[in-house]
Amino acid sequence: MLPPLSDAEVAEHVARIARDGYAILPDAIPPDFRQEICDELDRLESVRPGGDIPPAPFTGQVTRRWFDLLNDGEVWQRVAVHPWILQILSHVLGEGFLLSTMGSAVVGPGEPAQPIHVDDGVYAFPRPHPNLVCNTMWALTDFTEETGATRVVPGSNTWDHDPDHRTRYETVPLLMPAGGLAFVVGTCFHGAGANRSDRDRTALTINYCNGSMRQQENLMLGISPGRMMGFAPELQNLLGFRTCKGSGHIFAQDPRLEMQRHYGDVAAEDPYLARRNALHGDRTARRPA
Ligand SMILES: O=C(O)CCC(=O)C(=O)O
């Protein structure tokens, strides 16, 4: 169990994110938690080999990305509510922020560097604008130059334009030993580094958004209501079981009230999940294990 960050630690990281576009929190993933996540990634490799999306230039040729994770092992429910992340993001994204998408980024040996991009590009709002997105990179193995640590362009979060794919940017790697966690705000230019090592660079990308934005992954449709009703209230809040500045209501009330009436008695078990892994080959044109 992690002790909460002090107000001074939170303020320091929030200030760094505002100034540089990123900040690193070392020792944020206790070793037993990290092991649980790695075991779960091994399980995912056995049931949905190669990740949930086919190889592609932007997302990687030998990078394994699994999604829809809240329909997988219980450990993902704890990943989403990491207490230090929630402490810091309430200042970066404001009250009522949401979980936007959860994925793995297991970058295999030989993968070239990912194109430099911004994560709030999904909204295409002109800059400058308030913080809409903040990604958290979870280092489950060491992030080094050689293994392909995420590369960022410091201070690019303050620029008035999005990245241009014809420009070569001066980047720095987010160096951190396994167990570290890095925040990258949605306006900061960044991309995965090239993996020149002979081993995987294993990471998670757990991405949150301002509560007025649409979530990048359709979490509210992808997870059955009965299953969501069994999640901890803190996680339900991050999925949208709360209003933000008047958005997200049901009957102009906190949506939890009606969700409880509507789905309170629905079985937590979702029968579809038994078929879900069997459809992996159809989704990705890869053969199931
Ligand atoms: O894997 C990384 O280091 C960065 C991932 C990323 O930026 C992305 O997938 O959009």
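**Exercises on a predicted model**

The crossing of α1 and α4 is right-handed (near helix turned clockwise from the far one by less than a right angle). This is a predicted model: local features need pLDDT of at least 70, side-chain atom pairs count only at pLDDT 80 or more, and totals for chains, interfaces and linings use all residues. Residues are numbered from 1 along each chain as its sequence is written.

**Exercise 1.** Describe how α1 and α4 pack.

Step 1. Locate the helices: α1 covers residues 7-20 and α4 covers residues 83-92 (DSSP runs of H or I, at least four residues; strands are E, at least two; numbered from the N terminus).
Step 2. Take the geometry. The angle is about 50° and the axes lie 10 Å apart (lines fitted to C-alpha atoms over the stretch in contact; angles run from 0 to 180 degrees between N-to-C directions).
Step 3. Classify. The pair is therefore oblique (neither under 35, over 145, nor 65 to 115 degrees).
Step 4. List the contact. Helix α1 gives Val10, His13, Val14 and Ile17; α4 gives Gln87, Ile88, His91 and Val92 (C-beta atoms, placed from the backbone, within 7 Å).
Step 5. Sort by class: five nonpolar, three polar and no charged residues (nonpolar: Ala, Val, Leu, Ile, Met, Phe, Trp, Tyr, Cys, Pro; charged: Asp, Glu, Lys, Arg; polar: the others, Gly among them).

**Exercise 2.** Describe the shell around the ligand.

Step 1. Name the residues: Ala105, Met137, Thr150, His190, Gly191, Ala192, Ala203 and Thr205 surround the ligand (C-beta, placed from the backbone, within 6 Å).
Step 2. Find the elements that give two or more: β9 (190-191) and β10 (203-209).
Step 3. Count classes. Four shell residues are nonpolar, four are polar and none is charged.

**Exercise 3.** Find the backbone features in two loops.

Step 1. Check omega. Arginine 127 and proline 128 share a cis peptide bond, with omega about 0°.
Step 2. Place proline 128: the loop between β4 (106-107) and β5 (133-139).
Step 3. Check phi. Aspartate 27 has phi near 50°, a positive value in a residue other than glycine.
Step 4. Place aspartate 27: the loop between β1 (22-25) and α2 (31-47).

Definitions and conventions: Contact = placed C-beta atoms within 7 Å.
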